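Here's a quick briefing to read alongside the structure. Have the viewer open and click through the residues as they come up.

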Amino acid sequence: MTVFPKGFLWGGATAANQFEGAYNEDGKGLSVQDVTPQGGFGPITEEPTEDNLKLKGIDFYHRYKEDIALFAEMGFKVFRLSIAWSRIFPKGDELEPNEAGLAFYDRVFDELEKYGIEPLVTLSHYETPLHLAREYNGWANRDLISFYERYVRTVFERYQHRVKYWLTFNEVNSVLHAPFMSGGIVTPPEELSQQDLYQAVHHELVASALATKIAHEINPEMKVGCMVLAMPAYPMTSHPLDQLAVRQFENQNYLFSDIHVRGKYPNYIKRYFKENNIEIQFADGDEELLLNHTVDFISFSYYMSVAQAHNPEAYTSGKGNIMGGITNPYLEASEWGWQIDPVGLRLVLNDFYDRYQLPLFIVENGLGAKDELVEGPNGPTVEDDYRIDYLQKHLVQVGEAVKDGVEVMGYTTWGCIDLVSASTAEMSKRYGFIYVDRHDDGTGTLARYKKKSFDWYKEVIATNGEKLFEEQ
Ligand code: BG6
């Protein structure tokens, strides 16, 4: 018997800048991604350069019909995509939207509707229009709130009868670690003051509450969620100060969901602000907006966990998704050093649910790995048992959390079709069920091939997760 609730939303996730390509077609303006050829941590180029794989992505812009047909074949109930803000408002501060950009997403939603796939739309997935970054310093500037307001109102009005689920900012907490990619802030991180950084955070949080308000006013059927990068931490030892280090690390992330769900700044951050001479400027109405327009659900990405200690210099620290931590000797890591921890997902689900009692949506999870294309009985394929193993183990833990009583709405694997990596801009860091013939040097036919995991996920969905437990 499956433990997954009836109507569980199974599917996959993507982001416009990592897979659409067509970076300057039909009136699209540039986004911050178009000038970071080596990934979100820089360097930043003056103009888009040919070596930037994101400019062409995997050409979903022209191949969306073929790709959505493959998602439908796997039985997707939901498909997560982002709207590229700079397709709708090319510079970000115009008064009128670009109709060709809006029409593109109409075509995508038509196609999803054809197969009964529910769209889940991220409004801002590391895609701040470049003009807003260069002219305004991104979210460090309060003006961004009104530009975002105009953009979200436009897309809510346009798609209100087609899109029910919306996410305001991808991994909203990542702005603390990747200010340019996440917040369009051009001030170099080493020169960016904590005051300005947390003020940018405040602007995003207010914008998120405003978006939630507008969505509910336009159509109360629309559900708006926050999206946070979840990364549980374990203490390296039972030393109380190690546990305190864990708490402080996790509070940096909880800060964002606490405000989205409870509508006010928690006391622990007020202490931090005081001790670091940070004084957030609230405009009239900010407090009420945050308090009265909290989210309908919580979504998060989960790839890995870390360890923390009060004396981190005594240990080896590892790389991770945007942020990292001490290497946990009990865990193995992916080829990119991200520590693999299925049980951590159960813990995260329980922690969020205990804290907020709101429905949870896992909108990213998956294994970035190097795949080898081989000749199979039905043509080229990838024998990606390692990916199946990763997803299987994580989904079993989702099942455990459901048994614990956690309300889980759905699960979308990251990069359900191979796409360009956010952190490194590589093509060879693949997550998909569908292989895309494109390489780090930009060569390749862009042909799509089903990997072994394609049929596996199809069966997981068809059995509403029962297949996961059969294999136990
Ligand atoms: C998340 C992002 O941080 O992780 C995605 O929301 C990203 O955009 C994903 O692609 C995986 O990270 P990476 O760096 O392997 O692409």
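What follows is a short tour, from the overall fold down to single side chains.

Keep in mind that this is a predicted model. The chain has 472 residues, and its radius of gyration of 21 Å agrees with the value near 23 Å for a compact globule of that length. The residue to start from is Glu364, which UniProt lists as "active site" in an unreviewed entry.

**The chain as a whole**

- In terms of secondary structure, you're looking at 15 helices and 18 strands.
- The C-alpha trace spans about 65 × 55 × 45 Å along its principal axes.
- Of the 472 residues, 60% count as buried.
- Take the contacts with a separation of 6 or more: 76% of them come from residues 24 or more positions apart.
- The accessible surface adds up to about 18,100 Å², and carbon and sulfur atoms hold 49% of that.

**Around Glu364**

- Glu364 sits in strand E13, which covers residues 360–364.
- Is Glu364 buried or exposed? It counts as buried, because its relative accessibility is 5%, and the cut-off for buried is under 20%.
- Beyond its neighbours within four places in sequence, Glu364 has contacts that include Arg80, His125, Asn170, Glu171 and Met227. Phe300, Ser301, Tyr302 and Tyr303 are also among them, as are Thr412 and Trp414.
- Which residue shares a 2.9 Å polar contact with the side chain of Glu364? That's Arg80, through its own side chain.

**His125, a contact of Glu364**

- His125 is in the loop between strand E3 (118–122) and H5.
- With a relative accessibility of 2%, His125 counts as buried.
- The side chain of His125 makes a polar contact of 3.4 Å with that of Arg80. A polar contact of 3.1 Å links His125 to the side chain of Asn170.
- Setting aside residues up to four places away in sequence, His125 touches Thr14, Ala15, Asn17 and Gln18, among others. Its list also includes Arg80, Ser82, Asn170, Glu364 and Trp414.

**Glu20 in its loop**

- Glu20 is placed in the loop between helix H1 (16–19) and helix H2 (60–74).
- Being in a loop doesn't leave Glu20 out in the open: at 2% relative accessibility, Glu20 counts as buried.
- Not counting residues up to four places away in sequence, Glu20 touches Lys56, Asp59, Phe60 and Tyr61, among others. Ser82, Ala84, Arg87, Phe104 and Tyr105 are on that list too.
- How many residues separate Glu20 and Ser82 in sequence? The answer is 62, while their C-alpha atoms are 9.9 Å apart in space.

**Salt bridges**

- Side chains of opposite charge can pair when their charged atoms come close. In this model the count comes to 29 salt bridges.
- One of them joins Arg448 and Asp67, with the closest N and O atoms 2.8 Å apart. Arg448 lies in strand E18 (residues 448–450) and Asp67 in helix H2, so this pair ties together parts that are 381 residues apart in sequence. Both Arg448 and Asp67 are buried.
- Asp286 forms a salt bridge with Arg142, the closest N and O atoms being 2.9 Å apart. Since Asp286 is in helix H11 (residues 286–292) and Arg142 is in the loop between helix H5 (130–136) and helix H6 (143–159), the pair ties together parts that are 144 residues apart in sequence.
- The two ends of that bridge have their own burial labels: Asp286 counts as buried at 1% relative accessibility, whereas Arg142 is partly exposed at 32%.
- Arg153 and Glu149 meet in a salt bridge at 3.5 Å, N to O. Both lie in helix H6, 4 residues apart, or about one turn of the helix.
- Arg153 is partly exposed at 31% relative accessibility, and Glu149 is partly exposed at 25%.
- For a network rather than a pair, look at Glu99, Asp106, Asp110, Glu113, Arg158 and Arg162, which are joined by salt bridges that share partners.

Conventions
Residues are numbered from 1 along each chain as its sequence is written. This is a predicted model: local features need pLDDT of at least 70, side-chain atom pairs count only at pLDDT 80 or more; totals for chains, interfaces and linings use all residues. Side-chain values use heavy atoms; hydrogens and water are left out. UniProt positions are given in the numbering used here, feature names are shortened, and annotations may be inferred rather than shown by experiment. Helices (H or I, at least four residues) and strands (E, at least two) are DSSP runs, numbered from the N terminus. Buried means under 20% relative accessible area, exposed over 50%, partly exposed in between (1.4 Å probe, protein chains only). Contact means heavy atoms within 4.5 Å. A polar contact is a pair of N or O atoms within 3.5 Å; within protein, one must be able to donate a hydrogen and the other to accept it, and residues adjacent in sequence count only if both atoms are side-chain atoms. A salt bridge is a side-chain nitrogen of Lys or Arg within 4 Å of a carboxyl oxygen of Asp or Glu. The radius of gyration is taken over C-alpha atoms; the globule rule is 2.2 Å times the number of residues to the power 0.38. Accessible areas come from the Shrake-Rupley method with a 1.4 Å probe; for residues, only the protein chains shown count as cover.
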